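Please open the model in your viewer and keep the selection panel at hand. The stops below go from single elements to the whole chain.

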Amino acid sequence: MNGVSPTGSRLAPIRHVILDRDGVLNRELESGWLTDPEQWKWEDGAIAALAIWSTHGTRISVATNQSGIGRGAVSRKAVDSVHAWLSNEMASLGVELVGIFVCPHAPDESCDCRKPRPGLIRQAVEKSGIPAAETIVIGDDLRDLAAGRAAGLRVALVCTGKGPRVRDSLEADALLFRDLIEAATRTVART
Ligand SMILES: [Mg+2]
Ligand SMILES: [Zn+2]
């Protein structure tokens, strides 16, 4: 378990958490793209985790690659409808949502927002107004962490979604959480 900062120095408190979506907040579909809130299945612990962050006033962003839009497999409207639903769900949990930041581009479009590039993460940091030092990126894939790192943030892997398959390749600077409940518990302990 990588529970300690690389330098062992005292870390700034965490006031803003940037979450990946698929495999972190919701179960990934076995195939295809999520186009309707009816298909949404919360990952284990996600609702409880959001409630913990909400109680502590930790701001939340979601940063998600949705290349199905750029590939023509799903409409922007469908993705937006899922996110409008998600925003409402989060509001009902008391979450202070900064925003849901979407990369709609296909991989061959060479945009600057598709993770592992840092564009989405930077958008979230800028909109939050919270310093990067008080922000963490949590994802289930190494490209989420690469994006966070490229934006100069602390990063953590959660062992849902793709997490169990990639955890052996985790770099030493990353925190590792079993699930989102542990992520919430441990991050609010730093506030
Ligand atoms: Mg994911
Ligand atoms: Zn993009």
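Helices (H or I, at least four residues) and strands (E, at least two) are taken here as DSSP runs, numbered from the N terminus. This is a predicted model, in which local features need pLDDT of at least 70 and side-chain atom pairs count only at pLDDT 80 or more, while totals for chains, interfaces and linings use all residues. Residues are numbered from 1 along each chain as its sequence is written, and chains are lettered from A and ligands numbered from 1 in the order in which they are written.

Select C111 first, which you will find in the loop between β3 (96–103) and α4 (119–128). With 16 other C-beta atoms within 10 Å, C111 is partly exposed; on this scale a residue is buried if 20 or more other C-beta atoms, placed from the backbone, lie within 10 Å of its own, exposed if 12 or fewer, and partly exposed in between. Leaving aside neighbours within four places in sequence, C111 is in contact (C-beta atoms, placed from the backbone, within 7 Å) with C103, H105 and G119.

Next, select strand β1, residues 16–19. In a regular strand the side chains alternate between the two faces of the sheet. Here both faces are covered, since H16 and I18 on one side are buried, as are V17 and L19 on the other. Two strands count as paired if DSSP finds at least two bridges between them. Add β2 (residues 59–65), which pairs with β1 in the parallel sense over four bridges, and look at R59, the bridge partner of H16 in β2. Between β1 and β2 the chain passes through helix α1 (residues 46–55) in a right-handed β-α-β crossover, meaning that, with the strands pointing away from the viewer, the path from the first strand over the helix to the second runs clockwise. Then add β4 (residues 135–139), likewise parallel to β1 over four bridges, where T135 is the bridge partner of H16.

Now move to helix α5 (residues 142–150), whose buried residues are L142, D144, L145, A147 and G148. Their cover includes α4, β4, β5 (154–158) and α6 (163–166). Just after α5, pick G152, which takes a positive phi of about 85°.

Finally, show the whole protein chain, with its seven helices and six strands. Of its 191 residues, 41% count as buried. Among contacts between residues at least 6 apart in sequence, 66% join residues at least 24 apart.

Definitions and conventions: Two residues are in contact if their C-beta atoms, placed from the backbone, lie within 7 Å.
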